[in-house]
Amino acid sequence: MTREEAGRLPQVLTRVGASHGITDQACKLRFYDDWAPEYDQDVAALKYRAPCLAVDCLSRALSGAPHDALILDVACGTGLVAVELQARGFLQVHGVDGSPEMLKQAQARGLYHRLSLCTLGQEPLPDPEGTFDAVIMVGALSEGQVPCSAIPELLRVTKPGGLLCLTTRSNPSNLPYKEALEATFDSLEQAGAWQCLVAQPVEHWELGTSEQETGLGTCANDGFISGIIYLYRKQERSQGEGERPSVPAPVEH
């Protein structure tokens with residue numbers, strides 16, 4: 001950690017800890033609007049590794065030339081996932097986010113072919129069915145952000161046989177959401193909508209911001225909270241044109 005990152009860490013811990021306590025989506029989006037100008041510096045201070053780890057997982061599974069793959073970055077924020085994608089040769093990236101100020105930061109990077117304002121869970125994604133070779137969402141699957149009920153919408157815009165890479169935190173304060181999320185995943189898999197390829201636990205996800213967030217006994221983990229990366233493959237279309245498997249209603253949370 002640089003001296004500058006260490007100096008701002010107490011302020012960052014307070015800010016991020018407060019964000020994890022916001023459970024209303026509208027309030028959370030306003031928080032992200034205010035946070036956007038300092039977001040990148042703050043998550044660097046937290047040693048936030050999820051964008052790099054998730055893109056590594058996705059890139060290993062995608063076949064074909066990286067520059068041919070059309071990828072949707074959902075809840076793209078300031079564009080940290082796009083930075084990792086470009087470093088691995090993925091150049092056709094679209095992004096969506098519910099925060100206008102976060103999208104301004106992402107636009108400034110110049111890495112997205114298209115950016116759209118979309119609050120997932122309240123409105124559909126602005127793309128036709130079966131558009132993307134891969135959909136990735138990093139850091140937005142938690143209480144007060146993207147609801148579990150939005151997962152089928154990610155599947156809708158993924159091509160048959162395409163990949164979905166999703167992450168969530170697995171520290172104690174996020175466990176109720178994680179359990180509901182995995183129940184949604186399982187119900188979709190049982191319906192034949194997709195298949196789980198990877199469920200990769202990660203011990204050092206980011207620095208925890210509070211004792212409530214980390215739980216007891218985290219000294220052995222150097223103050224980090226844990227997370228998990230999921231990788232799914234959407235089923236190939238086997239029915240007649242326009243037919244889909246019957247998908248049970250996702251678990252609300």
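**Exercise 1.** In this predicted model, how do the axes of helix 4 (residues 50–61) and helix 5 (residues 80–87) lie relative to one another, and which residues make the contact?

*Solution.* Begin with the axes, which come within 9 Å and cross at roughly 45°. Angles from 35 to 65 degrees fall outside the parallel and perpendicular classes, and helix 4 is therefore oblique to helix 5. Next, take the handedness: helix 4 passes helix 5 in a right-handed crossing. The contact is made by P51, C52 and V55 on the side of helix 4, and by L80, V81, E84 and L85 on the side of helix 5. Finally, sort these residues by character, which gives 6 nonpolar, no polar and 1 charged.

**Exercise 2.** In what order do the 7 strands of the open sheet stand, and which strands are at the edges?

*Solution.* Start from the order, which reads 3-2-1-4-5-7-6, with mixed pairing. Strand 3 (114–117) and strand 6 (194–207) each have a single partner strand, so one side of each is left without a neighbour in the sheet. As a last step, consider the twist, which averages 15° from one strand to the next.

**Exercise 3.** How many bridges join strand 5 (residues 158–169) to strand 7 (residues 224–234), and which residue of strand 7 does R169 stand opposite?

*Solution.* The two strands run antiparallel and are joined by 7 bridges; within strand 7, the residue opposite R169 is G227.

**Exercise 4.** Which strands does helix 6 (residues 100–109) lie across?

*Solution.* Helix 6 lies across strand 2 (92–97) and strand 3, and its direction is at about 175° to strand 3.

Definitions and conventions:
Residues are numbered from 1 along each chain as its sequence is written. This is a predicted model: local features need pLDDT of at least 70, side-chain atom pairs count only at pLDDT 80 or more; totals for chains, interfaces and linings use all residues. Side-chain values use heavy atoms; hydrogens and water are left out. Axes are lines fitted to C-alpha atoms, for helices over the stretch in contact, and angles run from 0 to 180 degrees between N-to-C directions. Helices (H or I, at least four residues) and strands (E, at least two) are DSSP runs, numbered from the N terminus. Angles under 35 degrees count as roughly parallel, over 145 as roughly antiparallel, 65 to 115 as roughly perpendicular and the rest as oblique. A crossing is left-handed if the near helix is turned anticlockwise from the far one by less than a right angle, and right-handed if clockwise. Contact means heavy atoms within 4.5 Å. Ala, Val, Leu, Ile, Met, Phe, Trp, Tyr, Cys and Pro count as nonpolar, Asp, Glu, Lys and Arg as charged, and the others, Gly among them, as polar. Two strands pair if DSSP finds at least two bridges between them.
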